[in-house]
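Reader: Hello! I am new to this structure and would love a close look at a single part of it. Could you walk me through one strand and its surroundings?

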Amino acid sequence: MFAFLIQLFTSHSAAFEWNDGGRHAAGFQGRAGDCVVRAIAIAASKPYTTVYEDLREANASYAVNKKNRLARSLNARGASPRNGNHRDVFHDYILKQGFTWVPTMQVGQGCQVHLRADELPHGKLIVRLSKHLTAMIDGVIYDTHDPSRGGKRCVYGYYIKH
């Protein structure tokens with residue numbers, strides 16, 4: 001019982017450092033749902049504008065070449081990565097940047113890995129959470145907010161740079 005109380009009141013969240021991935025320096029203003037662009041720019045050490053433009057082109061290409069609901073949605077709202085990116089588009093792009101996908105959650109298994117430094121490997125990671133991607137480098141979260149929920153946020157998987 002005592003060990004449970006210690007675990008309950010001990011914070012296991014990872015260190016956090018505010019980082020917009022170079023968005024503001026690139027001249028972008030206002031709020032945006034661009035976590036995919038930010039996380040890739042930070043973890044891959046690429047300029048924000050390069051990643052933004054690459055994903056815009058990938059979204060546009062997907063919209064033209066596919067015949068599914070996502071393609072229709074991209075055609076309707078535009079290809080801008082400002083309002084989010086779908087895994088069907090960003091997954092291949094991240095792999096082409098030299099990352100490897102490591103799933104951490106299986107259907108029906110429940111949460112096995114949390115957004116904590118002691119549960120994820122060191123190195124350059126792009127961590128996939130529910131409706132969010134964040135960069136984690138050597139146990140430190142780099143984002144515009146701390147998405148860890150005090151170390152309790154479930155990780156669906158991560159991309160690791162080799």
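Which residues point one way from β4, and which point the other way?

Author: Happy to help! Please keep in mind that this is a predicted model. In β4, His132, Thr134 and Met136 point one way, while Leu133, Ala135 and Ile137 point the other way. The residues on both sides are buried. That fits the count for the strand, since 6 of the 6 residues of β4 are buried. A residue counts as buried when its relative accessible area is under 20%. For the protein as a whole, 41% of the 162 residues count as buried.

Now let us look at the neighbours of this strand. On one side of the sequence comes β3 (124-129), and a loop separates β3 from β4 (132-137). The two strands run antiparallel and are joined by 6 bridges. You can find one of the facing positions by looking for lysine 124, which stands opposite isoleucine 137 in β4.

The turn of this hairpin has 2 residues between the strands. Lysine 131 sits in that loop, and its phi is positive, about 55°, although lysine 131 is not a glycine. With a relative accessible area of 86%, lysine 131 is exposed, because a value over 50% counts as exposed. The buried residues of β4 are thus preceded by an exposed lysine 131 in the loop.

Further along the chain we reach strand β5, residues 140-143. β4 and β5 also run antiparallel, with 3 bridges joining them. Here alanine 135 has tyrosine 142 in β5 as its bridge partner. The hairpin of β4 and β5 has 2 residues between the strands, and aspartate 138 takes a positive phi near 50° there.

To place this part in the whole, the protein has 5 helices and 6 strands. Along the sequence, their pattern is α-β-α-α-α-α-β-β-β-β-β. The radius of gyration is 17 Å, close to the 15 Å that the globule rule gives for 162 residues, so the protein is as compact as a globular protein of that length. Among contacts with a separation of 6 or more, 65% are between residues 24 or more positions apart.

Finally, a positive phi also turns up among the helices: serine 45 has a phi near 55°. Serine 45 lies in the loop between α2 (35-43) and α3 (48-65), and at 52% relative accessibility it counts as exposed.

Methods: Residues are numbered from 1 along each chain as its sequence is written. This is a predicted model: local features need pLDDT of at least 70, side-chain atom pairs count only at pLDDT 80 or more; totals for chains, interfaces and linings use all residues. Side-chain values use heavy atoms; hydrogens and water are left out. Helices (H or I, at least four residues) and strands (E, at least two) are DSSP runs, numbered from the N terminus. The radius of gyration is taken over C-alpha atoms; the globule rule is 2.2 Å times the number of residues to the power 0.38. Buried means under 20% relative accessible area, exposed over 50%, partly exposed in between (1.4 Å probe, protein chains only). Contact means heavy atoms within 4.5 Å. Two strands pair if DSSP finds at least two bridges between them.
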